[in-house]
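Biologist: Hi! Could you walk me through this structure before I head back to the bench?

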Amino acid sequence: MDQFEVKALFGGDIAWYTPTNVTLWMALTVLAATALMVLGARKRAIIPSRGQSAAEMAYGFIYKMVEDVAGHDAVRFFPHIFTLFMFVLFANLLGLIPFAFTTTSHIAVTAVLALTVFLSVTALGFILNGTKFLGLFWVSSAPLALRPVLALIELISYFARPISHSIRLAGAMMAGHAVAKVFAGFASALGAAFFVPVLAVTALYALELLVAVIQAYVFTILTCVYLRDALHPSH
């Protein structure tokens, strides 16, 4: 598990202001996402380059997701959701580079992202709907006797959102990297049969690449679902 250790870039003790490997790789994540969207799409050619195609596909894919899941009135929040998607996606992908650091494997990072979503959609729900936002927890279609019980369940479920939102991403990234490290350690221990764990790591690496993209997608679509509830709280 030493691959997940947070280390100061310039040695010494770690304080809240100390640049660490987490700081470095989050900065690289922002630079990589910015490079794709700014440099890749700046020419706006009729016949797009690979960078322009990737930028346009990412933009169109998330725009369509926001519109389909949260509704057309949620498109105004597209920049925030698209930024979250690109950050999580590039953080996951950069973490697959050998000797890199996966920032999204740390619950401290994913929890901040999840809390940002949770607090913003909750505030938005009350700002746009006032006390009608509480209708999200009151299942009016259920029998009257069951409504208070369902309201309590809905309330607990609502406040559990940032926990599940953050743990799902961090757990998936940490588990995959830990398993890959275990298989890689077998290569030196098996001698002539080293190719068996090497093949396993290769297959696992391909799976991790898929997981990196899927987890970014899942994080984003859940954000869209939470935004939809804030915009349309009635059951």
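Modeller: Happy to; we can start with the overall fold and then go through some helices and residues.

Biologist: Great. What kind of model is it?

Modeller: This is a predicted model, so please read every value below as computed from that prediction.

Biologist: Okay. How many helices and strands are there in the chain?

Modeller: The chain has 7 helices and 0 strands. Going along the sequence, the pattern reads α-α-α-α-α-α-α.

Biologist: And what box do the C-alpha atoms fill?

Modeller: Along the principal axes, the box is roughly 70 × 50 × 40 Å. The chain has 235 residues, and 39% of them count as buried.

Biologist: What about the surface, how much area does the chain expose?

Modeller: About 13,500 Å², with carbon and sulfur atoms supplying 74% of that area.

Biologist: Which residues form a nonpolar patch on the surface?

Modeller: The patch is formed by Leu9, Phe10, Leu24, Leu28 and Leu31, and together they have about 500 Å² of accessible area. One of them, Leu24, sits in helix α1, which covers residues 21–39.

Biologist: Why does Leu24 count as partly exposed?

Modeller: Its relative accessibility is 36%. Partly exposed covers the range between under 20% (buried) and over 50% (exposed), so Leu24 falls in that class.

Biologist: Staying with α1, how does it cross α3?

Modeller: The axes of α1 and helix α3 (residues 78–94) come within 9 Å and cross at roughly 115°. The crossing is right-handed.

Biologist: Which residues meet there?

Modeller: On the α1 side you have Trp25, Met26, Leu28, Thr29, Val30, Ala32, Ala33, Leu36 and Met37. From α3, they meet Phe82, Met86, Phe87, Phe90, Ala91 and Leu94. Leu28 is also listed in the surface patch.

Biologist: New topic: charges. How many salt bridges does the structure hold?

Modeller: There are 3 salt bridges. In one of them, Asp68 pairs with Lys64, and their closest N and O atoms are 3.7 Å apart. Both residues belong to helix α2 (residues 50–70) and lie 4 residues apart, about one turn of the helix.

Biologist: Are those two exposed or buried?

Modeller: Asp68 is exposed, because its relative accessible area is 52%. Lys64 has 47%, so it counts as partly exposed.

Biologist: And which residues are linked in a network of salt bridges?

Modeller: The network links Arg161, Arg228 and Asp229. The side chains of Asp229 and Arg161 meet at 2.6 Å, N to O. That pair joins distant parts of the chain: Asp229 is in helix α7 (residues 195–231) and Arg161 is in helix α6 (residues 161–189), 68 residues apart. Asp229 also forms a salt bridge with Arg228, where the closest N and O atoms are 3.8 Å apart.

Biologist: Is that network buried or exposed, residue by residue?

Modeller: Asp229 and Arg161 are both buried. Asp229 counts as buried because its relative accessibility is 12%. Arg228 is partly exposed, with a relative accessible area of 34%.

Biologist: I'm also curious about a few polar residues. Where is Gln215, and what is it in contact with?

Modeller: Gln215 is located in helix α7. Its relative accessibility is 12%, so Gln215 counts as buried. Setting aside neighbours within four places in sequence, Gln215 is in contact with Asn92, Arg168, Leu169 and Ala172.

Biologist: How about Ser166, what does that one touch?

Modeller: Ser166 lies in helix α6 and is buried, with a relative accessible area of 5%. Not counting residues up to four places away in sequence, Ser166 touches Ile107, Thr110, Ala111 and Ala114.

Biologist: Last one: where does Thr122 lie?

Modeller: Thr122 lies in helix α4 (residues 107–129), and its relative accessible area of 16% makes it buried. Leaving out neighbours within four places in sequence, Thr122 is in contact with Phe133 and Tyr158. The C-alpha atoms of Thr122 and Ala230 are 6.6 Å apart in space, while the two residues are 108 residues apart in sequence.

Biologist: What share of contacts in the chain joins residues far along the sequence, at least 24 apart?

Modeller: Taking contacts between residues at least 6 apart in sequence, 69% of them join residues at least 24 apart.

Biologist: Lovely, thanks!

Note on methods: Residues numbered from 1 in each chain as written. Predicted model: local features only at pLDDT ≥ 70, side-chain atom pairs only at ≥ 80, totals over all residues. Heavy atoms only, no water. Patch = residues over 30% accessible without salt bridge, like charges linked within 9 Å, V, L, I, M, F, W, Y side chains within 5 Å. Areas by Shrake-Rupley, 256 points an atom, 1.4 Å probe, with all protein chains shown as cover. Salt bridge = Lys/Arg side-chain N within 4 Å of Asp/Glu carboxyl O. Helix = DSSP H or I, 4+ residues; strand = E, 2+ residues; numbered from the N terminus. Buried < 20%, exposed > 50% of the residue type's maximum accessible area, 1.4 Å probe, protein only. Axes fitted to C-alpha atoms, helices over the stretch in contact; angles between N-to-C directions. Left-handed = near helix turned anticlockwise from the far one by under 90°. Contact = heavy atoms within 4.5 Å.
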